[in-house]
Amino acid sequence: MKIAQWELTVPLKGILFDLDGTLVDTAPDLCGTIQDMQSDRGVDITPYRAMEHLASGGARALLKAGFGLEMHYPEFPAMRAEFLERYEARIARESAVYSGIIPLLNEVKARGAQWGIVTNKPYYLAEKLVHELGLTHGCSVLIGGDTAEKPKPSPLPCFMAACEMRLPTEQCVMIGDDERDVIAGREAGMATVAVEYGYIASPIDQWGADAIVKTAHDLAKWLEIRM
């Protein structure tokens, strides 16, 4: 566990998590959706391990990995729509909350703090996933990729989450497995934590996070002395 420059001045009262790769291992269903589409088209199946690290990039990253599609290609909108429809149908078939996360969330509530989710996943998909995995109870706020005017790395979703929790941003921390989580949290005036167990697609030690943790257990220890 690496601790960087951030120093606690007030107790943390708002614990904000990214969803994919931070709270929930969603790669099996995200990558599985691409593999289903490939199978139905009779094309070579991209191995799971070749796509897993792209899961946080959503449809855009996975369609590029599976079909070589870029956003400006004319067929991209239809393929994205198909991807989202298929993914919604299997959203929690294999996805699972990471080990150690549920006790962590329970401890956050026991200490009188709030926790919420700030994700770039479309709200309707995030809401369905959170519901099906039993995370709705206790979640103070859910911000989707289309909830604020701009998604992460814009700080707007983080500002919105803090506002809904009725907390100043300096009492909040943004936790995620992508550089955009760190950028969004930092620009909103929050502490930031990067999690190594997620879908790391770029050098994590270059993101400028205030702390880097290897496991949910390490994350719990970091939070414990700051709430």
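**Exercise 1. Describe the largest pocket of this predicted model by its volume, its centre and its lining.**

Step 1. The largest pocket has a volume of about 790 Å³, where a pocket is an open set of points on a 1 Å grid over the protein atoms alone, with protein on both sides within 12 Å along at least five of seven lines, and where a 1.4 Å probe fits.

Step 2. Its lining, meaning residues with an atom within 4 Å of a point, comprises 33 residues, and those closest to the centre are Ser56, Gly57, Gly58, Ala59 and Asn120.

Step 3. By class, 16 of the lining residues are nonpolar, eight are polar and nine are charged.

Step 4. Helix 4 gives the largest share of this lining, five residues; helices are DSSP runs of H or I with at least four residues, numbered from the N terminus.

**Exercise 2. Place Glu82 and find its partners.**

Step 1. Glu82 lies in helix 4, which covers residues 76-89.

Step 2. The side chain of Glu82 makes a polar contact of 2.9 Å with that of Arg86, a polar contact being a pair of N or O atoms within 3.5 Å, one able to donate a hydrogen and the other to accept it.

Step 3. Leaving aside residues up to four places away in sequence, Glu82 touches Met37 and Arg41, contact meaning heavy atoms within 4.5 Å.

**Notes.** Residues are numbered from 1 along each chain as its sequence is written, and side-chain values use heavy atoms, without hydrogens and water. Local features need pLDDT of at least 70 and side-chain atom pairs count only at pLDDT 80 or more, whereas totals for chains, interfaces and linings use all residues.

Methods. Helices (H or I, at least four residues) and strands (E, at least two) are DSSP runs, numbered from the N terminus. Grid points are joined across faces, edges and corners, and a volume is the space filled by probe spheres set on the points. Ala, Val, Leu, Ile, Met, Phe, Trp, Tyr, Cys and Pro count as nonpolar, Asp, Glu, Lys and Arg as charged, and the others, Gly among them, as polar.
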